[in-house]
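Student: I have a structure to go through and some questions about its rings and helices. Could we take them in turn?

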Amino acid sequence: AGRCGPAARRRTVPSILRELAEKRRLPEEIVSLLQAQFSDLPRELHSWRQMADYSPEMRQFVCLLHLYHIKAYDHLRKILPLPHPYSLTKQVFYSFIHSECLSSWLSSNGAAAGFSSDVFLRLQEQVERGDQAYRHCAVLVQDVSLQKQQEWDPQSRRLMGFVDLGAGSLDADEAPLASEAIILMAAGISSPWTAPLGYFLVNSTSGYLLAQLLRQAINKLNNIGIVVLAVTSGASAHGAEAARALGIRIHPRRIQCTFQHPPGSAHSITYFFDVYHALLLIRNALQCFQKVEWLSDSVWWQHMVELAALREQRVSELCSPESGRAGSKASYHLKVNLATLLFSEGVAEALEHLQKLGLASFQNCSGTVKFVRLMSSLCDVFYGRGPCGKEPLLAGNYARISNLFDEAKSCFVNLTDSVGRYIIKSKRKLGFLSFLLNAESLKWLSSNYACPEGTLSHHLHTHAFSLGPLEQFLRALQQACGSSGSPTCAVFQAAYQKLLASCSLAPGSAHSSGSANPWDVSLSQRRALTLGSIRAQCHPAPGRTLAPEHPYSAGLLLPSSALSNALTDLSLYTQSLTCAAGWVAEHLALDLQCEACLASLFEADESRLKHTSVLYIKKLGGVSLPSASVHHVTSISERVLNRYGKVGGANKNTKLWHLSLEQKVFQELLGESPLFPTLTNHLLDGELSINNHYTVLVKEITRCYLNMRTNPAQHLNLKSPCRKHKLKRLKGKHLFPSPLVSC
């Protein structure tokens, strides 16, 4: 506890707060908040001596002042006998009427705001069992927006929606409503486990507040025997402010990548900025500068724009003798895969390929290709992408990644704009500085923990240093909220409680986000770093309509009897089903955010490029030919439709009926040969979850085809104002639109 002299005994808490404000040691808004909420604090200073005797209001006052302004708190401790900051997370007992519970001032039971006592107890149990996977971790922090709204809780008989830092919600008339929630998570470094540590409801996030909460989280984890080796925040203004508050220094020539905790101790903790956020900032910088110089090379943003905007083109070439059609011409359509990530090897190879084809827009793109390849290599390291999708940072890899980081530093510090000003000194520098800081942090960890035998492990999972695991938790939280917008505090807390109840700390479990590929964590985020996002920015697309040259894409109407099936021309049936499957592939390609999954939808020439950023697709009647797997799934779907009744019945065309059909399609596929043989092992990422790439792809193909077949008018643009379909009736009940003619 702090010391108090004779002069302090004659002073009251309100007078001390006013004095601090007059001396500008405490912001006026914090003084107003404290006075509004805590107008009846004890005036006798001896009441502050024993922590165990503090009332709930006194604990709130101490926690709020400590988290919002540590310097004012330290100054106040010289006057008042306030507790040491690390006592705020110390486990103590409080007696209640019928029981005792283990708690701490910044912690809470259940899913209330603050650090989750239950999660920390479960982590402590793992440590006490001797599980080495839980001895080291990284701490992740991120804020999410909330809708300001005051609500009455009939159970607690209290108003909700106010600021709550874990010591109880503020509820004064002048208390601010919460507008953000700060969420913290622990992530395993040598094993993919995750644990949501808790959340805090605040009226505004600041880097200083993030730093204080990070220190408290680290302290609580240390108390139960878990050593924190790294913390990660977003590459944002708040993240940069938090890094500086902790003691991190980010200067291109002098980077301090670690801070000590406790301050002055020998234990160092590294700091990371989320790689995805850093990539967005670098993309923004390239867009703003348009052209940057790298020694003797030039990086042009326009090359990215031209690649994203490249329209489908027909390419013909002579067939090889092996094809059996020597001398004839094979026709393909060159198509850019819009799900390709901007900073990937696929984009680099696509630019080189189009340059070799002689397209004028892609000449002199060697500097752009070189820069994209460098960024792709950095992403491979920080996201742990190897031959199997995830590759730990082995001790033997240190020399290789160290050379890569040296190359990246040489590039970033020498990048200049069109007039010779260094980018690293401009207002667009944070993305590049983030990568430099991350590189130093990873090198420090590699040297101090991955290399020495027996220190931690012979490897580190670098994806633990991204916000990926926390982003996946937030996505599940948003789904539990039931809305895409910002939830209210009440809705947020109810969703958090529901998610926490099903949360497992076991590595790779269904409710532990450690099993997911961090690059696939958030499709909405992933979309912003794809070629498709660039096309949408530069060439906004009109409403989706079916191309008028698709003569068969309306698909089939279900035959009304077995006789009509028998009378159907089988060649036309097969051709129509193929074109319908092609329409499904083209429709799904508009939304898929996985480059490999999108490429697997089409029958393409795979001999041209190692990557699938540029596809050579075959076409039939204007419709892209689907891959054999897509064709097979649509064939099974058609078989299920024929077997289980008429389409469009009033009692059948319902959501429940569609779900039953999807289930039957999956049952038909069970036991058959695996689909999508060209896809890599990434298809089964998150294999303990039903939503891995494989099941999602099959489900979306089935759903799209069934929707198109049961609601054809909704999906097909059959009534164009400029063109008319003339339907030609074939044998049976199958209808095909004939070639379109002008009005």
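Student: Over the ring of which residue does the charged end of Lys-370 sit?
Tutor: Note that this is a predicted model. A charge counts as over a ring if it is within 6 Å of the ring centre and within 35 degrees of the ring normal. The charged end of Lys-370 is 4.6 Å from the centre of its ring, and that ring belongs to Trp-294.

Student: Which residue has its charged end over the ring of Phe-120?
Tutor: The charged end in question lies 4.8 Å from the centre of the Phe-120 ring. The residue that carries this charged end is Lys-220.

Student: How many aromatic pairs are there, and what kind is the pair of Phe-115 and Phe-120?
Tutor: Ring centres within 6.5 Å make a pair, and planes over 60 degrees apart count as edge-to-face. The count of aromatic pairs is 14. The centres of Phe-115 and Phe-120 are 5.9 Å apart and their planes stand at 90 degrees, so this pair is edge-to-face.

Student: Is Phe-115 buried or exposed?
Tutor: Buried means under 20% relative accessible area. Phe-120 meets that description, and Phe-115 is likewise buried.

Student: How is helix 9 oriented relative to helix 10?
Tutor: Helix 9 covers residues 301–309 and helix 10 covers residues 345–356. Their axes come within 11 Å and cross at roughly 85 degrees. That angle makes helix 9, relative to helix 10, roughly perpendicular.

Student: How many residues of the contact of helix 9 with helix 10 are nonpolar?
Tutor: Helix 9 contributes His-303, Met-304 and Leu-307, while helix 10 contributes Val-347, Ala-350, Leu-351 and Leu-354. Among the contact residues 1 is polar and none is charged, and the number of nonpolar ones is 6.

Technical notes:
Residues are numbered from 1 along each chain as its sequence is written. This is a predicted model: local features need pLDDT of at least 70, side-chain atom pairs count only at pLDDT 80 or more; totals for chains, interfaces and linings use all residues. Side-chain values use heavy atoms; hydrogens and water are left out. Rings of Phe, Tyr and Trp (its six-membered ring) pair if their centres lie within 6.5 Å; planes under 30 degrees apart count as stacked, over 60 as edge-to-face and the rest as tilted. Buried means under 20% relative accessible area, exposed over 50%, partly exposed in between (1.4 Å probe, protein chains only). Axes are lines fitted to C-alpha atoms, for helices over the stretch in contact, and angles run from 0 to 180 degrees between N-to-C directions. Helices (H or I, at least four residues) and strands (E, at least two) are DSSP runs, numbered from the N terminus. Angles under 35 degrees count as roughly parallel, over 145 as roughly antiparallel, 65 to 115 as roughly perpendicular and the rest as oblique. Contact means heavy atoms within 4.5 Å. Ala, Val, Leu, Ile, Met, Phe, Trp, Tyr, Cys and Pro count as nonpolar, Asp, Glu, Lys and Arg as charged, and the others, Gly among them, as polar.
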